[in-house]
Protein chains: 2
Amino acid sequence: MTTSREVRLKSRPVGLPTADNFELATVTLPAPAAGEIQVRNDWMTVDPYMRGRMNDAKSYSAPFALGEAMHGGAVGTVIVSGDEGFKPGDLVQSNYGWREAFNAHTSMVQKIDTMGLPPQTFLLRVAGLKEGDVVFVSAASGAVGSMVCQIAKLKGHKVIGSAGGADKVRFLKEELGVDEVIDYKAVPDLMKALEAAAPEGIDVYFENVGGEHLEAALNSARPFARFALCGMISMYNATTPPPGPRNIALAVGKQIRMEGFIVSSHYDLLQAFHHDLAEWHAAGKLKWKETVVEGIERAPEAFLKLFSGENFGKMLVKLT
Amino acid sequence: MTTSREVRLKSRPVGLPTADNFELATVTLPAPAAGEIQVRNDWMTVDPYMRGRMNDAKSYSAPFALGEAMHGGAVGTVIVSGDEGFKPGDLVQSNYGWREAFNAHTSMVQKIDTMGLPPQTFLLRVAGLKEGDVVFVSAASGAVGSMVCQIAKLKGHKVIGSAGGADKVRFLKEELGVDEVIDYKAVPDLMKALEAAAPEGIDVYFENVGGEHLEAALNSARPFARFALCGMISMYNATTPPPGPRNIALAVGKQIRMEGFIVSSHYDLLQAFHHDLAEWHAAGKLKWKETVVEGIERAPEAFLKLFSGENFGKMLVKLT
């Protein structure tokens with residue numbers, strides 16, 4: 001019998017989550033049934049979108065249930081197999097994060113060679129990136145933003161990134177070669193800062209933040225600009241709905257296209273993206289930052305740091 | 001020598017325009033030069049977009065100059081011709097509204113058989129109307145909205161319209177066959193009213209109003225909904241920028257596409273649209289309302305009525 005510690009949602013957060021919204025519990029796993037495997041997770045991810053699933057509201061994925069382990073991306077190793085297609089030692093990815101180990105039918109996991117499709121792929125489809133476009137990326141040093149910046153730079157675009165703090169600004173400028181970087185925590189007026197960074201205006205905005213960032217992007221948008229709406233982290237913890245962009249009427253006259261997307265709707269791009277990615281990676285052209293926290297019991301803490309920007313790049317929890 | 005009365009912009013309105021922002025002046029027109037024609041306007045239009053041109057701000061068209069006659073759509077009759085391609089009695093349309101008569105080079109006018117392309121055409125392109133889509137139209141009894149409603153009905157869609165006042169509601173329900181009509185001036189909560197009118201949600205929103213209407217549409221949008229942003233009249237007179245939609249983050253998870261458009265970017269659709277329109281018109285399937293005010297001196301009054309909703313359908317000024 002295997003024991004596994006898991007993090008459960010104890011109560012629904014109101015506004016910014018606190019440690020009290022989570023509880024750690026220990027469960028015992030039986031041997032996997034036929035067709036199932038038992039997996040020990042090596043890594044799990046915490047991501048801003050999980051905040052939405054903590055509310056009891058209809059969204060593109062169901063709310064987390066109270067008193068049960070949450071879900072999220074994880075990578076682990078098969079330790080017991082009840083399916084002839086899997087053997088102990090195989091690496092799998094699944095949506096059974098927030099726990100040290102789990103049993104699942106093999107249809108619920110993927111062998112690790114089928115890598116997931118990251119949101120940055122959509123820079124190319126949703127934003128319809130064209131030659132000469134000036135690209136603005138918010139949360140530019142983050143897991144998604146840093147890849148978006150690099151893809152845009154590799155394709156020859158002028159890129160403006162926003163991030164909070166001197167370390168992130170330096171990483172973007174010196175390591176990723178982002179053309180102009182705005183420290184949104186340091187500038188008095190984000191709109192003016194973007195005007196100064198892109199006096200010619202922007203054609204593409206990759207939106208991870210919302211709020212003032214979206215207003216600044218609307219203000220600087222050139223005609224026919226395209227906004228890929230990947231997330232709006234600044235609004236996830238609001239207890240009363242925050243005002244939307246006061247200048248949204250600019251979208252009419254400037255003929256701006258704003259389009260939300262979630263990854264699962266675009267799996268058809270997977271192969272083409274992997275091809276590009278593999279080529280760039282082999283050439284040593286991709287860099288990224290990770291912040292690693294160790295131990296399942298610290299998963300809530302890792303999650304909370306996303307909202308204060310204490311992570312630098314992808315936030316991961318190491319479980320083994 | 002021909003005299004013409006014209007309406008000039010005397011001062012830039014702050015917030016809602018008043019009669020004091022305009023002045024009537026009389027000018028004398030010389031005989032037209034070679035290549036020019038002299039036209040007496042029969043009709044002119046006043047439209048909400050003109051409010052934007054009264055500000056001294058960069059937009060898709062230049063601001064009106066102070067102390068000069070404004071511009072806008074007009075239809076008139078050639079009275080003197082200095083060009084062999086035009087003869088007295090020919091009907092022409094031009095952008096020389098807000099005046100009784102004018103001289104212009106013939107390259108600046110169109111003979112009337114080349115009808116303009118109305119914004120409602122874009123229901124088909126920008127909104128990407130698909131079979132089974134539920135369509136929501138704001139300012140549904142207006143010049144643009146009433147055509148959008150009818151096109152959507154002719155194509156077999158469920159249509160929900162919003163308008164202000166019992167007469168407009170009756171017209172939409174009884175004459176245009178709109179399925180559900182919301183009297184936005186009478187309902188206590190527009191968001192709830194739209195939820196009740198379209199419990200299944202909406203797939204397409206044709207935006208003429210902004211503000212609460214846009215919030216209600218985001219709230220009721222189904223996944224992959226498409227919003228054609230034609231105008232946001234509720235925001236044109238704001239002196240401090242009004243808050244945008246508080247629920248704009250819904251656009252991410254619902255993967256909504258919002259796209260602004262102006263007519264001149266889509267002239268390639270002209271022929272296809274004329275074909276449909278001619279067929280429907282010949283079959284007696286199109287209805288519209290007009291509100292007519294007589295005399296150039298009442299053009300400012302006609303314009304101001306657009307913002308209180310005192311027009312019913314297309315607002316026109318009869319000049320002859």
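Visitor: At what angle do the axes of helix α5 and helix α6 of chain A cross?
Guide: This is a predicted model, in which local features need pLDDT of at least 70, side-chain atom pairs count only at pLDDT 80 or more, and totals for chains, interfaces and linings use all residues. Residues are numbered from 1 along each chain as its sequence is written, chains are lettered from A and ligands numbered from 1 in the order in which they are written, and side-chain values use heavy atoms, without hydrogens and water. Helix α5 (residues 190–197) and helix α6 (residues 212–220) of chain A, being DSSP runs of H or I of at least four residues numbered from the N terminus, have axes that come within 9 Å of each other and cross at roughly 40°. These axes are lines fitted to C-alpha atoms over the stretch in contact, with angles from 0 to 180 degrees between N-to-C directions, and this crossing makes α5(A), relative to α6(A), oblique (not under 35, over 145 or 65 to 115 degrees).

Visitor: How do the residues in the contact of α5(A) with α6(A) divide by class?
Guide: From α5(A) come A:L190, A:M191, A:L194 and A:E195, and from α6(A) come A:E212, A:H213, A:E215, A:A216, A:A217, A:N219 and A:S220, where contact means heavy atoms within 4.5 Å. Taking Ala, Val, Leu, Ile, Met, Phe, Trp, Tyr, Cys and Pro as nonpolar, Asp, Glu, Lys and Arg as charged, and the others, Gly among them, as polar, the contact has five nonpolar, three polar and three charged residues.

Visitor: How far apart are the axes of helix α5 and helix α6 in chain B?
Guide: In chain B, α5 (residues 190–197) and α6 (residues 212–220) pack at an angle of about 40°, and α5(B) and α6(B) are therefore oblique to each other. The separation of their axes is 9 Å.

Visitor: Which three residues supply 25% of the area that chain A buries against chain B?
Guide: In this interface, 29 residues of chain A are in contact with 29 residues of chain B. The buried area (accessible area, 1.4 Å probe, lost on putting the two parts together and summed over both) is about 2300 Å², with 69% from carbon and sulfur atoms. More than any other three residues, the suppliers of that 25% are A:I248, A:V252 and A:Q255.

Visitor: How many salt bridges are there between chain A and chain B?
Guide: Over all chains the structure holds 32 salt bridges, each a side-chain nitrogen of Lys or Arg within 4 Å of a carboxyl oxygen of Asp or Glu. Between chain A and chain B, however, the count is zero.

Technical notes
Helix = DSSP H or I, 4+ residues; strand = E, 2+ residues; numbered from the N terminus.
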